[in-house]
Amino acid sequence: MWRTKRLGKPIVLLALTWALAAEAGCTAKPALTAEPSGTEPIPSGSMSGAPGGAGDTVAIVGDTRITRKQLLDALLNSYGEQTLRLMMLRLAVQKEAQSAGISISEASQDRELRKASEGYGSLEAFYDARQQQLGMTREDVREDILYKLQLEALAIRGVEVTDADVDQYMSDHPEEFAPKEELKLSHIVVERQKDAAQLVDLLGQGEDFAELAASNSKDADTAADGGSLGWVESDDPFVAPELLAAAAKLEIGEAAGPIRTDAGYEIVLVEGRRGAGEQDAQPDREAAKREYALSVSPPLSEVEQSLLDKFGAKLLDGALQY
C-alpha cells in the first residue's frame, strides 16, 4: 500500500516558511518564548511594521506579543531539518528523471491514485483523509505520487524482468491482480435536479446522449468527449459510487437519472460491459512488472541518498543537520 512521509503541514507551506524566514533575517533556532509584556496595552495599529520588531506581531495573548520571527524560529526548529531534506530529495529526483528522459503520464498517476485510495470507499474520502490527517491538499497528494513514481522509475532502471517473472508475481499476488468487471460509461452532470430530469425526458424522445452532454454537462473534462468516462472498474474510486450503483442495474444502451452525487445531479449511460478476464491484461502486466522490479531493486532510501550524493547536495546551515 502506498505510504508517504509527511510532516504536520504541507511541504508547500513549509517552503513558504523558509522564504519568510529568510526575509525576516532568521538564522538561529531558539525555542518560542513570548516577549515580556509592558504595562501599557498593545497600541492600535501595531500589528504591522518592520520584520522582527514589535510591529511584526502575528498573535497576542493578553498583552503579550508573539512575533513573526518567533513563529518562524519555532517552525524551523520543529520542521526545518525534515523539510530541507524533502526539498533536496525532490530536486535531486526531478533533475535525474529529466536527465534520464523519464516522464510520468497522467494516466500512470491516476492509476496510482486508484491504488492508493483502495480501502477508503472513494477518492473523495481518500483526499479528505489526507487533508485531515496530514494537512495535504489535492495538489500535494498528486505531487507526492509523482515523486514516488519518478523515484521508483529511477530505482528500476536496468532491472531485467522476464515474462516468467511477471507471471509468477501475478500468481503470487492474486488479490492485487485478480480481474474485475468493467463498465463503459458516459455521464452528464448538471447542478439542478429539474435540469437533469428535463435531459432524461429528451433522451426518452430520442435525443443523442453525446450531444446533450457536450452542450449541458458541467464536467469540462468529459463534456467535449460526449460525457465519456471510458472503461471503469465496478468499484472505481474516480467515479461516484451512486453512479456506479445505478449503472450496475442497467443494460447496455440504457441510461438512468437524475442521480444525486457530490458533483450535482447526474445521468449515466452504459455503453458496454465486460466481465472478469475479458479486459486488456496489459496494464496489469505492466504494473506487475514494475512491482517485481522494485522487489529486487535497492531500497528506495538508498536510491534517494545516492542521488543526493550524485548531485553534491550540501547543507550550508550547520544548525539544520539531518
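## A hairpin, a sheet and a salt-bridge network

Strands β1 (residues 57-61) and β2 (residues 64-67) run antiparallel and are joined by 4 bridges. One of the pairs is A59 with I66 in β2. The two strands make a hairpin, with 2 residues between them. In the turn sits G62, whose phi is positive, at about 65 degrees. Most residues other than glycine have a negative phi.

This is a predicted model. The chain contains 13 helices and 6 strands. It has 322 residues, and buried residues make up 35% of them. Now take the contacts between residues with a separation of 6 or more. Residues 24 or more positions apart account for 71% of these contacts.

### The four-stranded sheet

What is the strand order in the open sheet? The order is β4-β3-β6-β5, and the pairing is antiparallel. The edge strands are β4 (228-233) and β5 (255-261), each of which pairs on one side only. From one strand to the next, the twist averages 35 degrees. Strands of a sheet pair through backbone hydrogen bonds.

Look at β3 (residues 182-190) beside β4. These two strands pair in the antiparallel sense over 5 bridges. E182 has E233 of β4 as its bridge partner. A helix packs on this sheet too: α9 (residues 209-216) touches β3 and β6 (264-274). The direction of α9 makes about 45 degrees with that of β3.

The edge strand β5 holds P258. The peptide bond from G257 to P258 is cis, with omega near -5 degrees. Most peptide bonds are trans.

### Helix α5 and its surroundings

Two packed helices are described by the angle between their axes and the distance between the axes. Helix α4 (residues 123-134) packs against α5 at an angle of about 95 degrees. Their axes are 9 Å apart. Angles of 65 to 115 degrees count as roughly perpendicular, so α4 and α5 are roughly perpendicular to each other.

Which residues make the contact? From α4 come E124, F126, Y127 and R130. From α5 come R138, V141 and R142. The residues of this contact divide into 3 nonpolar, no polar and 4 charged.

Q150 also belongs to helix α5 (residues 138-155). Is Q150 buried or exposed? Its relative accessibility is 14%. Buried means under 20%, so Q150 counts as buried. Leaving aside neighbours within four places in sequence, Q150 is in contact with V93, A97 and I104.

### Salt bridges

A search of the whole structure finds 17 salt bridges. The table gives three of them, with the distance between N and O atoms.

| Salt bridge | N to O distance |
|---|---|
| K310 and E96 | 2.8 Å |
| K148 and E112 | 2.8 Å |
| R290 and E112 | 3.0 Å |

Start with K310 and E96, which form a salt bridge. This pair links distant parts of the chain, 214 residues apart. K310 lies in helix α13 (residues 300-310), and E96 lies in helix α2 (residues 68-100). Which partner is buried, and which is exposed? K310 has a relative accessible area of 53% and is exposed, because exposed means over 50%. E96 is buried, at 5%.

Next come K148 and E112, whose side chains meet in a salt bridge. K148 is in α5 and E112 is in helix α3 (residues 106-116), so the pair ties together parts 36 residues apart in sequence. K148 counts as buried, with 16% relative accessibility. E112 is buried as well, with a relative accessible area of 3%.

E112 also meets R290 in a salt bridge. That pair links distant parts of the chain, 178 residues apart. R290 lies in helix α12 (residues 282-295), while E112 lies in α3.

Which residues are linked in a network of salt bridges? The network holds E112, K115, K148, E152, R290 and E291. To follow it in the structure, begin at E112 in α3. From there, one salt bridge goes to K148 and another goes to R290.

Methods. Residues are numbered from 1 along each chain as its sequence is written. This is a predicted model: local features need pLDDT of at least 70, side-chain atom pairs count only at pLDDT 80 or more; totals for chains, interfaces and linings use all residues. Side-chain values use heavy atoms; hydrogens and water are left out. Two strands pair if DSSP finds at least two bridges between them. Axes are lines fitted to C-alpha atoms, for helices over the stretch in contact, and angles run from 0 to 180 degrees between N-to-C directions. Contact means heavy atoms within 4.5 Å. Buried means under 20% relative accessible area, exposed over 50%, partly exposed in between (1.4 Å probe, protein chains only). Angles under 35 degrees count as roughly parallel, over 145 as roughly antiparallel, 65 to 115 as roughly perpendicular and the rest as oblique. Ala, Val, Leu, Ile, Met, Phe, Trp, Tyr, Cys and Pro count as nonpolar, Asp, Glu, Lys and Arg as charged, and the others, Gly among them, as polar. A salt bridge is a side-chain nitrogen of Lys or Arg within 4 Å of a carboxyl oxygen of Asp or Glu.
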